[in-house]
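These are my notebook entries on one protein chain. I set down what I looked up and what I found, topic by topic.

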Amino acid sequence: MSADLPSQAEIVIIGGGAIGCSIAYHLTKLGYKDVVLLERGTLTCGTSWHAAGLVMQLRATHTMTELCRYSADLYEKLEAETGQATGFRRSGSLPVARTEARFHEIKRLASLGRYFDVPVDILTPKQVAEHYPLMDVSRIVGGLFIPGDGQTNPIDTTMALAKGARMRGARIVERCKVTGLEAENGTVKKVRTEHGDILCDKIVLCGGLWSRDLAAMIGVNVPLFASEHMYVTTAPMEGVRPNLPVIRDTDGYVYIKEDAGKLLVGAFEPRCKPLAVEDLPARFEFGELPEDWDHFALPMSKAIELVPALENAQIRHFLNGPESFTPDNKFILGEAPEVRNFYVAAGFNSQGILSAAGVGRAMADWISSGEPQMDLSEVDIARFARFQVNRRYLKERIGESLGLLYAMHWPHRQVESARPVRQTALHERLKARNACFGETAGWERANWYAPAGMTPVYEYSYGRQNWFEAVGGEHRAVRERVGLFDLSSFAKFQIEGPDAESELQRLCGNNVAVPVGKIVYTQMLNARGGIQADVTVSRLGEDRFWVVTAAANQVRDLTWIRRNIRRDARVTINDVTSSHGVLSVMGPNARQLLQRLSPNDFSNAAFPFGTLQQVEIGYGMALAFRVTYVGELGWELYIPTEFMGPIFDLIEAEGRDLGLRLAGYHALDSLRSEKGYRHWGHDISPTETPFEAGLGFAVDLTRKGDFIGRAALEAQKAKPLTRRLVHFRMRNPEPILFHDEPIYRDGKIIGRISSGSYGYSIGSAVGMGYLECADGVTADFVTSGGYEIEIAAERFPSVASLKPFYDPTSLRIRM
């Protein structure tokens with residue numbers, strides 16, 4: 001055993017890049033001293049060393065901005081704390097737009113910056129030229145200047161983080177390759193290295209593009225894949241001054257930064273070159289891949305268009321280095337679903353340096369407390385389905401992923417590669433009926449149906465997309481007649497056993513000790529009262545329950561349930577998602593339609609809202625749940641997969657004269673938005689409580705016994721709510737809400753939209769968003785203010801309400 005390698009440690013970090021060193025730094029800031037970081041080569045030798053070092057505060061979403069904006073603040077202070085220079089300087093950044101659509105997009109970024117109090121200037125082309133005289137501004141329609149952005153030296157910054165960690169007791173061991181990982185009883189136990197073993201309580205994997213294979217040693221899925229990533233550096237150029245801001249020309253696929261009198265031109269081209277990690281040398285340290293000018297020609301030509309002086313510049317160095325990318329272009333953070341106390345921080349999609357500080361702090365908080373202290377749901381490793389570690393899938397998807405970083409971030413944009421993966425039993429039938437499919441968790445789902453004569457293909461925009469009228473027809477069919485949805489991608493878990501009721505009572509905020517046949521809408525909460533899962537729990541029998549959640553939350557929610565059921569509980573949990581499809585029959589004519597298909601009684605008296613029954617339908621049987629996510633009378637039919645096709649055909653045939661129309665997920669979203677039904681991951685997350693989210697009706701504090709989060713909710717209920725979800729309706733029918741638009745009350749930013757859609761029944765966009773006030777968000781506070789919502793730097797008047805704008809008393813669902 002190496003003299004530098006301890007035989008045991010509380011926390012072992014694998015990987016000595018910027019992320020691993022930042023986590024070590026932030027863990028020691030929290031008081032941890034028994035932290036060991038292992039690096040198979042030397043610090044930064046994997047991919048951190050060749051990072052471009054861009055430090056940008058604003059990203060496409062609230063969570064990503066939260067993670068990234070902290071970096072500029074920390075990097076600016078590290079030298080004073082550690083004595084190690086970082087090379088950080090705030091030269092500013094210049095996102096520019098070559099099209100009006102892109103200008104709209106970056107102005108949305110400016111609006112998000114105002115919510116975060118990040119200074120942003122919106123510029124005309126002439127004003128852009130004042131910041132960057134070398135640019136041919138005839139190529140652009142506008143830009144932003146973000147003065148607080150900048151750049152840093154990636155090696156020096158990583159060394160400063162490492163030094164700060166060492167100063168507080170962390171041990172860093174270089175030249176120590178990990179050869180194995182061990183778990184015992186589902187919890188980490190040991191790290192094996194070429195110099196000996198380390199017993200440990202927690203492992204944090206920060207292995208960059210090697211993380212997938214390292215995680216596989218302990219049975220953990222980390223879906224990332226490497227890609228070649230290229231940039232060139234010029235010789236010194238006339239007119240390149242030290243204070244030039246970083247250009248982000250996403251329409252041209254390039255970023256351009258000043259580097260000691262030279263220019264560095266990097267690219268996120270539309271299609272990249274995926275790279276299997278096994279094709280790299282075993283000791284790939286500070287390694288570079290061969291130059292590929294043919295591949296780099298397109299982005300380089302775009303850079304020359306924007307900065308013509310580049311055409312005659314001498315190229316000093318062409319760097320081609322590997323980076324790791326993920327299927328959805330979002331980071332992979334958190335505790336692995338498969339093994340307790342095994343944490344992952346990987347898959348940074350060439351954004352490791354700019355996010356390292358925020359990721360290090362967030363991961364340290366998560367490791368210390370056992371749960372995230374901010375909303376990390378969009379980057380949580382538990383979002384991935386098991387299949388997504390498939391190598392062929394990853395290689396094809398990552399070929400697209402790199403380019404999507406600089407592609408237009410259109411609302412509802414769908415990935416095009418590595419499809420199809422999962423299809424419902426009705427896929428071919430829906431395809432024949434002109435469905436346009438989207439993808440979620442690998443599922444091909446009908447998002448909308450093109451009318452006759454229209455091709456079911458997206459035409460994206462930030463306004464009314466080409467499907468707007470078609471979805472309006474689907475929406476109105478559900479509100480006025482009857483609609484049929486294929487919701488088979490719902491995740492479904494059967495929980496049974498003598499202790500099933502008592503365990504679910506511990507997990508759920510609502511009371512699930514109900515009679516057989518009763519459906520309970522409830523949240524599962526964390527210790528802080530935050531919403532960990534948003535589900536229905538239905539009692540099928542004395543010891544048998546059925547839990548339904550969203551497709552995207554299948555792994556996350558199943559992991560939460562399994563981890564929080566006591567080890568000695570007499571309970572079995574089965575994921576029955578694939579065994580049952582779901583047909584949702586919704587609208588005023590739903591009862592009449594189903595009564596034609598079944599001898600069972602669907603009347604209000606015989607089949608009240610919030611109950612389920614086994615029914616005969618067609619030639620088969622189904623579990624019929626009287627629930628709704630659209631705000632209308634209706635039933636969800638849970639049908640064994642092999643019966644789905646014939647039953648669908650029968651419903652379609654019998655419903656024609658009742659005005660039946662197929663409806664997709666875009667209609668579902670507009671319907672639920674009007675009714676104010678929350679969407680987990682947007683409107684609710686582990687950082688919001690049911691009381692803040694307006695879901696207090698789904699919490700039962702009168703029942704006996706404890707449940708996770710109860711104490712936190714009881715404490716919160718005794719005080720005024722300082723944060724509260726509110727419904728919004730635009731006064732102007734034209735603007736569309738999506739998410740993260742700032743909310744103004746009497747001229748001051750007081751919150752942001754969490755989700756939005758067009759409300760066809762309302763006649764304008766509707767949305768939900770959280771308002772914050774230290775003195776309490778009371779009913780008087782909500783109704784007494786004047787509201788505006790900012791979309792792409794323009795404010796639009798809005799109406800706020802604590803109740804949804806459609807059927808606020810929910811009479812229609814109980815008809």
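**Entry 1: a helix inside the structure.** I began with helix H13, where I found Gln554, Val555, Arg556, Asp557, Leu558, Thr559, Trp560, Ile561 and Asn564 to be buried. I note that the model is a predicted one. Helix H13 spans residues 554–564, and nine of its eleven residues are buried, so the rest of the structure largely encloses this helix.

**Entry 2: two helices in contact.** I next asked at what angle helix H2 and helix H8 pack. Helix H2 covers residues 62–82 and helix H8 covers residues 352–369; I recorded an angle of about 100° and axes 7 Å apart. Because angles from 65 to 115 degrees count as roughly perpendicular, H2 is roughly perpendicular to H8.

I then listed the residues that meet. From H2 they are Leu67, Cys68, Tyr70, Ser71, Leu74 and Tyr75. From H8 they are Ile353, Leu354, Ser355, Ala356, Ala357, Gly358, Val359, Arg361 and Ala362. By character, the residues of this contact divide into eleven nonpolar, three polar and one charged. I reminded myself of a general point: an α-helix has 3.6 residues a turn, so residues three or four places apart point the same way.

**Entry 3: aromatic rings.** How many aromatic pairs does the structure hold? I found 25. One of them joins Phe607 and Trp635, with 5.6 Å from centre to centre and 75° between the planes, an edge-to-face arrangement. This pair links distant parts of the chain, as its two residues are 28 residues apart. Phe607 belongs to the loop between helix H14 (590–597) and strand S30 (612–617), whereas Trp635 belongs to strand S32 (residues 634–640). I checked both for exposure and found Phe607 and Trp635 buried. Elsewhere, ring pairs join Tyr255, Phe268 and Tyr406 into a cluster.

**Entry 4: arginines over rings.** I looked up two arginines that lie over aromatic faces. Arg40 lies over the face of Trp210, at 4.4 Å from the ring centre. Arg445 lies over the face of Tyr665, and here the value is 3.7 Å from the ring centre.

**Entry 5: backbone angles in loops.** I turned to phi values and noted that Phe286, a residue other than glycine, has a positive phi near 50°. Phe286 is placed in the loop between strand S16 (273–275) and helix H7 (293–306). Asn349 is not a glycine either, and its phi is positive at about 50°. I located Asn349 in the loop between strand S19 (342–346) and H8.

Are these two residues buried or partly exposed? Phe286 has a relative accessible area of 37% and is therefore partly exposed. Asn349 has a relative accessible area of 0% and is therefore buried.

**Entry 6: a cis peptide bond.** I found that the peptide bond from Arg419 to Pro420 is cis, with omega near -5°. Pro420 lies in the loop between H9 and strand S20 (422–423).

**Entry 7: a loop residue and its distant partner.** Lastly I looked up Asn390, which is found in the loop between H8 and helix H9 (391–404). Its relative accessible area is 39%, so Asn390 is partly exposed. I compared its position with that of Leu224: the two are 166 residues apart along the chain, and 9.6 Å separates their C-alpha atoms.

Methods: Residues numbered from 1 in each chain as written. Predicted model: local features only at pLDDT ≥ 70, side-chain atom pairs only at ≥ 80, totals over all residues. Heavy atoms only, no water. Phe/Tyr/Trp six-rings, centres within 6.5 Å; stacked < 30°, edge-to-face > 60°. Helix = DSSP H or I, 4+ residues; strand = E, 2+ residues; numbered from the N terminus. Buried < 20%, exposed > 50% of the residue type's maximum accessible area, 1.4 Å probe, protein only. Lys NZ or Arg CZ within 6 Å of the ring centre and 35° of its normal. Axes fitted to C-alpha atoms, helices over the stretch in contact; angles between N-to-C directions. Parallel < 35°, antiparallel > 145°, perpendicular 65-115°, else oblique. Contact = heavy atoms within 4.5 Å. Nonpolar A, V, L, I, M, F, W, Y, C, P; charged D, E, K, R; others polar.
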